[in-house]
Amino acid sequence: MSEAAPDDGPTRIAIACQGGGSHTAFTAGVLRTLLAEWDKDHELVGISGTSGGAFNALATWYGLVTGDETDARELLAALWDDLAAKGPQDRWMNELVTSRSRMESAGFALLEITPYQIPGPEMGKKRIRTVLERHIDFEAIPDLCRRDVPELVVGTVDVNAGVFETFTNEDVTVDAVLASAAVPDLFEAVKLHGHYHWDGLFSQNPPINDLMHQPPGQKPDELWVIQINPQAFEGEPRTAEVIADRRNELSGNISLNQELRFIERVNDWVESGKLPSDEFAVTDVHRIEMGQRFHCATKVDRDPDFLAELQVLGEQRAAEFLASRED
């Protein structure tokens, strides 16, 4: 990446990773490619994520603060390798969950069940906890949160109060990450600080506001959003499946677009002189979009080949993004 850095130092970059279940394997591919091309003209000042995006943000942050770009790339690859469905029983369960999700979106009448009625979902959450703790020493995170490392932000929603809630830096525990990924119809809510949390897809997807409220020397010059849900759609959704897909995409993009519009508004106020430039700065926003539509049911699909396909797509999109900065 070679876009010119400011005269007073490297270009400060913040990265926001949108949630989207298994589709966020795409984000791992994007991040690995960005990290492979990282240079001294760019400084990562913050990274945030929601749901599966939180897995990627955490792995990138942890790899960087305990090692370097190579360590972060290897950690991302190892994490997704462990999250993939392996073994006959795991593959069978993955096929069952994915097929049920596809049938629901197609309008089939299925028995309504919650994760509180059957043990399987909590076993799945326990597996995710095991994978995360295998790669991340969560007890070490508070000591790693120094002034010279990027901001780490994980997004959830407070079920009881009905408000967004983010966990930053030393507050990012394994339970906070699990809360960010607690999809209501798949996992039980996670209780933290005396109240319950659900998947961050219902809140800031991904968190951006926390990344912008940084000390003057850390405020990002650029925000890179890794966007899972397609922004545009041509024509009119008519079938049950297409309607379900588009509803899923829109719900995942609402908070993102609201936060980005606010950044654009602040940029306009700074450029027009309505806000003092010595206190406020323009932040350029860039999106790295998946650019390919997959059925919403595949957001729960952990098939190894599918996850590998998504990561290759992420590598391609990141390479295109970097090439566009050379122009």
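The legends below describe an overview and four close-up views of a predicted model.

Local features are described where pLDDT is at least 70, side-chain atom pairs count only at pLDDT 80 or more, and totals for chains, interfaces and linings use all residues. Residues are numbered from 1 along each chain as its sequence is written, and side-chain values use heavy atoms, with hydrogens and water left out.

**Figure 1. Overview of the protein, with 10 helices and 8 strands.** Helices (H or I, at least four residues) and strands (E, at least two) are DSSP runs, numbered from the N terminus. Of the 327 residues, 49% count as buried, where buried means under 20% relative accessible area, exposed over 50% and partly exposed in between (1.4 Å probe, protein chains only).

**Figure 2. Surroundings of K125 in helix α5 (residues 120–135).** K125 counts as buried because its relative accessibility is 10%. A polar atom of its side chain lies 2.7 Å from the backbone oxygen of E188. Apart from neighbours within four places in sequence, K125 is in contact (heavy atoms within 4.5 Å) with L178, F187, E188, A189 and V190.

**Figure 3. Salt bridges of D82 and E133, with R134 and R129 as their respective partners.** A salt bridge is a side-chain nitrogen of Lys or Arg within 4 Å of a carboxyl oxygen of Asp or Glu. The closest N and O atoms of D82 and R134 are 2.8 Å apart; this pair links distant parts of the chain, with D82 in helix α3, R134 in helix α5 and their positions 52 residues apart. D82 is buried, at a relative accessible area of 17%. The side chains of E133 and R129 meet at 3.9 Å, N to O, and because these residues are 4 apart in helix α5, about one helical turn separates them. E133 is partly exposed at 43% relative accessible area, as is R129 at 28%.

**Figure 4. Helix α10 (residues 304–326), its N-terminal cap and an internal salt bridge.** At the N-terminal end, D303 caps the helix, a side-chain oxygen lying 3.0 Å from the backbone nitrogen of D305. Among the buried residues of α10 are F306, L310, L313 and F321, and the elements covering the buried residues include α1 (25–36), β2 (42–50) and α3 (69–83). R317 and E320, 3 residues apart in this helix, form a salt bridge (3.5 Å, N to O); R317 is buried at 19% relative accessibility, whereas E320 is partly exposed at 46%.

**Figure 5. A network of salt bridges linking D90, R127 and R302.** The three residues named here are connected through salt bridges, and the protein's count of such bridges comes to 13.

Notes:
A polar contact is a pair of N or O atoms within 3.5 Å; within protein, one must be able to donate a hydrogen and the other to accept it, and residues adjacent in sequence count only if both atoms are side-chain atoms. The expected span of a helix is 1.5 Å times one less than its number of residues.
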